[in-house]
4 protein chains.
Amino acid sequence: MTRHQTPPSEVVFEEEFVRGLTEIFETRIVFNQVLGLKVTSLRGDRVTGRIAMKPDLVGHYTFNRVHGGVISAGLDAMGGLASMAAIGARHMDEAPAQRLQRFGKLGTIDLRIDYLRPGIGEYFDLEAEVLRLGSRVASTRMEFRGADGKLLSTGAGAYIIS
Amino acid sequence: MTRHQTPPSEVVFEEEFVRGLTEIFETRIVFNQVLGLKVTSLRGDRVTGRIAMKPDLVGHYTFNRVHGGVISAGLDAMGGLASMAAIGARHMDEAPAQRLQRFGKLGTIDLRIDYLRPGIGEYFDLEAEVLRLGSRVASTRMEFRGADGKLLSTGAGAYIIS
Amino acid sequence: MTRHQTPPSEVVFEEEFVRGLTEIFETRIVFNQVLGLKVTSLRGDRVTGRIAMKPDLVGHYTFNRVHGGVISAGLDAMGGLASMAAIGARHMDEAPAQRLQRFGKLGTIDLRIDYLRPGIGEYFDLEAEVLRLGSRVASTRMEFRGADGKLLSTGAGAYIIS
Amino acid sequence: MTRHQTPPSEVVFEEEFVRGLTEIFETRIVFNQVLGLKVTSLRGDRVTGRIAMKPDLVGHYTFNRVHGGVISAGLDAMGGLASMAAIGARHMDEAPAQRLQRFGKLGTIDLRIDYLRPGIGEYFDLEAEVLRLGSRVASTRMEFRGADGKLLSTGAGAYIIS
């Protein structure tokens with residue numbers, strides 16, 4: 001294979017690409033709005049985001065705990081974003097708008113979430129890294145942390161890319 | 001082990017238990033309300049539910065596709081409900097209210113979702129069955145189907161019980 | 001997509017393809033020999049196999065239980081075989097030898113195994129079905145059963161194909 | 001919960017415990033012998049091991065690649081070993097022999113393996129860490145690396161403990 005399997009970390013994305021990708025992710029993927037999922041950083045091999053706790057996201061009425069589905073949905077979305085950033089970094093020869101169109105073809109193949117500790121707090125930090133970027137599949141690893149930095153959940157996802 | 005590992009299917013739940021469990025699941029777990037997840041049947045070894053499609057749940061703006069996170073969140077919730085129904089069926093000697101309190105201690109250990117086909121349609125049918133009910137862990141298998149009955153996603157989850 | 005996503009079940013494989021695929025699977029994949037994994041049936045959408053218990057496969061010295069790794073290795077191999085059979089069924093226009101060469105390009109993307117009950121018995125029956133056959137990825141579901149038919153473990157795997 | 005959820009890393013195991021645990025793992029779990037899986041370090045929160053490549057472990061005849069089942073079996077075993085070490089570190093008040101008996105009750109609940117790159121090389125290094133040690137379930141994360149340190153596969157497993 002001639003393509004690099006490890007996404008480049010040193011690529012600097014253009015303002016237009018960052019703005020475009022963030023807008024698609026935070027707004028046009030409507031359910032991410034429902035989650036309140038915001039992008040906090042975008043790199044070719046690693047992306048981060050944040051979810052502020054709110055009543056809509058409660059999963060356990062007694063403890064005011066975040067719903068496990070918020071965690072799985074958020075980590076799935078972040079793995080997809082990381083895959084998209086990695087593809088973007090691979091195709092820096094294309095115009096930003098052209099690279100953004102690749103997002104439309106991205107799809108999750110499968111996802112695993114491990115719930116380690118109850119998700120309680122004012123906000124949560126999400127992170128995803130691409131472990132391998134092939135020509136057809138991206139493999140990612142994700143983390144979901146509390147406001148105090150404590151690891152609450154981990155995830156792994158495979159994405160179909162093009 | 002003296003307890004049965006396969007949850008009984010022939011148990012008939014009391015009206016009070018069904019109403020109570022449905023109310024907790026659909027209303028008090030607030031994020032299930034956000035998903036619009038409704039219980040359609042409750043048995044000791046198998047539960048079913050439905051999600052009506054709505055703009056909030058969109059994950060792919062071009063195709064009006066349901067967000068993968070709706071699928072993972074919905075299937076996680078259903079696996080938990082199936083575990084709860086199985087525990088309820090095991091403890092028919094307890095009063096309904098007492099059995100419902102066990103729900104507060106339920107937690108997802110981990111979850112896997114396989115996305116097979118795009119989720120497009122007016123509504124989706126979810127199903128979960130308990131493959132094994134131990135004294136500490138319940139293992140479940142889930143399916144997410146389109147309005148035409150087509151299998152769109154499958155899931156597997158392990159839950160801590162007590 | 002013009003290709004069918006569900007592998008055809010009604011295809012009848014030629015003797016040469018069945019013999020060739022079985023030989024590759026049982027003999028040339030050396031570790032399958034170590035497991036003693038034998039093909040018992042081959043269809044376009046579903047394959048079955050069997051592993052006879054032997055001292056080498058013990059994982060738990062006290063109970064003479066089969067090692068969890070035998071289960072994960074066996075189910076991974078069966079998911080790959082099912083994917084290969086599905087690809088074979090899709091390309092019946094190619095000569096058997098040509099179809100068999102596709103096996104060389106098959107690879108597991110990821111795997112999940114749920115261990116439900118201890119694997120004790122004289123032999124074990126394995127089964128894999130292809131839930132979706134895309135142009136690049138095959139999604140499979142697997143089962144591992146005891147000699148009495150009891151479900152001992154379940155699996156899910158994604159495979160890269162071409 | 002009064003028990004610590006993070007296994008202590010600073011515990012120093014007695015020679016007797018290390019020797020006993022290594023002997024059970026490498027010898028009495030017969031299938032680990034078949035894999036040639038050796039313990040290289042044992043700590044309360046992290047364990048490492050090594051598998052030397054040999055003809056028996058081949059999964060892909062053309063490339064002399066290690067069988068995916070060797071990876072899943074090895075990582076499952078390592079996750080179990082890490083759980084056992086973590087339990088050992090929690091119960092330093094018990095005699096080594098008594099702690100070793102806890103191994104007999106350990107069981108894998110489920111396992112996920114992500115295959116990133118082909119496993120080719122003279123030997124492979126395996127590592128497992130316990131992300132959370134509850135009173136009933138241990139959650140672990142595993143890595144499988146080539147002789148050059150390259151990450152070839154990752155894993156996640158949940159184990160029932162007591």
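This report looks at how four chains pair up in a predicted model, moving from sheets to interfaces to symmetry.

## The sheet shared by chains A and B

Start with the strands. An open sheet of 12 strands runs through chains A and B, in the order β1(A)-β2(A)-β6(A)-β7(A)-β8(A)-β5(A)-β5(B)-β8(B)-β7(B)-β6(B)-β2(B)-β1(B). Read along that order and β5(A) is followed by β5(B). The pairing is antiparallel. At the edges sit β1 of chain A and β1 (37–42) of chain B, and each of them pairs on one side only. From one strand to the next, the twist averages 20°.

Now zoom in on one edge. Strand β1 (residues 37–42) of chain A is joined to strand β2 (residues 46–52) of chain A by 5 bridges, and the two run antiparallel. Together β1(A) and β2(A) make a hairpin, with 3 residues between them. Within this pair, A:Val39 stands opposite A:Gly49.

Go to the other edge. In chain B, 5 bridges join β1(B) to strand β2 (residues 46–52), again antiparallel. There B:Val39 has B:Gly49 as its bridge partner.

## The sheet shared by chains C and D

Chains C and D also form an open sheet of 12 strands, with antiparallel pairing. Its order is β1(C)-β2(C)-β6(C)-β7(C)-β8(C)-β5(C)-β5(D)-β8(D)-β7(D)-β6(D)-β2(D)-β1(D). The edge strands are β1 (37–42) of chain C and β1 (37–42) of chain D, each pairing on one side only. Neighbouring strands are turned by 20° against each other on average, direction ignored.

Look inside this sheet at chain D. Strand β7 (residues 137–146) and strand β8 (residues 151–160) of chain D pair in the antiparallel sense over 9 bridges. One residue to find there is D:Ala138, whose bridge partner in β8(D) is D:Tyr159.

A helix lies across the strands. Helix α3 (residues 68–90) of chain C crosses several strands of its own chain, including β1, β6 (123–133) and β8 (151–160), and also β5 (107–115) of chain D. The helix runs at about 45° to β6(C).

## Where the chains touch

The table sets out the two interfaces.

| Chains | Residues in contact | Buried area | Share from carbon and sulfur | Salt bridges | Polar contacts |
|---|---|---|---|---|---|
| B and A | 36 residues of chain B, 36 residues of chain A | about 2,700 Å² | 56% | 2 salt bridges | 15 residue pairs |
| C and D | 36 residues of chain C, 36 residues of chain D | about 2,700 Å² | 56% | 2 salt bridges | 15 residue pairs |

Which three residues of chain B supply the most of the area it buries against chain A? They are B:Phe31, B:Tyr61 and B:Tyr115, with 25% of that area. In chain C, the residues C:Phe31, C:Tyr61 and C:Tyr115 supply 25% of the area buried against chain D, more than any other three.

Charges meet here too. The side chains of B:Arg112 and A:Asp110 form a salt bridge of 3.1 Å, N to O. Several elements of chain B give two or more residues to the side touching chain A, among them α1 (15–28), α2 (30–35) and β3 (58–60). The most comes from β5(B), with 8 residues.

On the other interface, C:Arg112 makes a salt bridge with D:Asp110, and the closest N and O atoms are 3.1 Å apart. Elements of chain C that each supply at least two residues to the side touching chain D include α3 and β5. The largest share, 8 residues, comes from β5(C).

Salt bridges also form within a chain. A:Glu15 and A:Arg19 meet in one, at 3.8 Å, N to O. These two residues are 4 apart in helix α1 (residues 15–28) of chain A, so about one helical turn separates them. Over all chains, the count comes to 52 salt bridges.

## Symmetry

What rotation superposes chain C on chain D? A rotation of 180° does, with 0.0 Å of shift along its axis and an RMSD of 0.0 Å. That is the relation of a two-fold axis.

Which residue of chain C comes closest to the axis? C:Arg112 does, with its C-alpha at 2.2 Å. C:Arg112 also takes part in the salt bridge to D:Asp110.

Finally, compare the two faces. 100% of the interface residues of chain C are also interface residues in chain D, so the copies meet through the same surface.

Methods:
Residues numbered from 1 in each chain as written. Chains lettered and ligands numbered in written order. Predicted model: local features only at pLDDT ≥ 70, side-chain atom pairs only at ≥ 80, totals over all residues. Heavy atoms only, no water. Least-squares fit on C-alpha atoms with pLDDT ≥ 70 in both. Contact = heavy atoms within 4.5 Å. Pairing = 2+ DSSP bridges. Axes fitted to C-alpha atoms, helices over the stretch in contact; angles between N-to-C directions. Buried area = accessible area lost by both parts, 1.4 Å probe. Salt bridge = Lys/Arg side-chain N within 4 Å of Asp/Glu carboxyl O. Polar contact = N/O pair within 3.5 Å; in protein donor to acceptor, adjacent residues only side chain to side chain.
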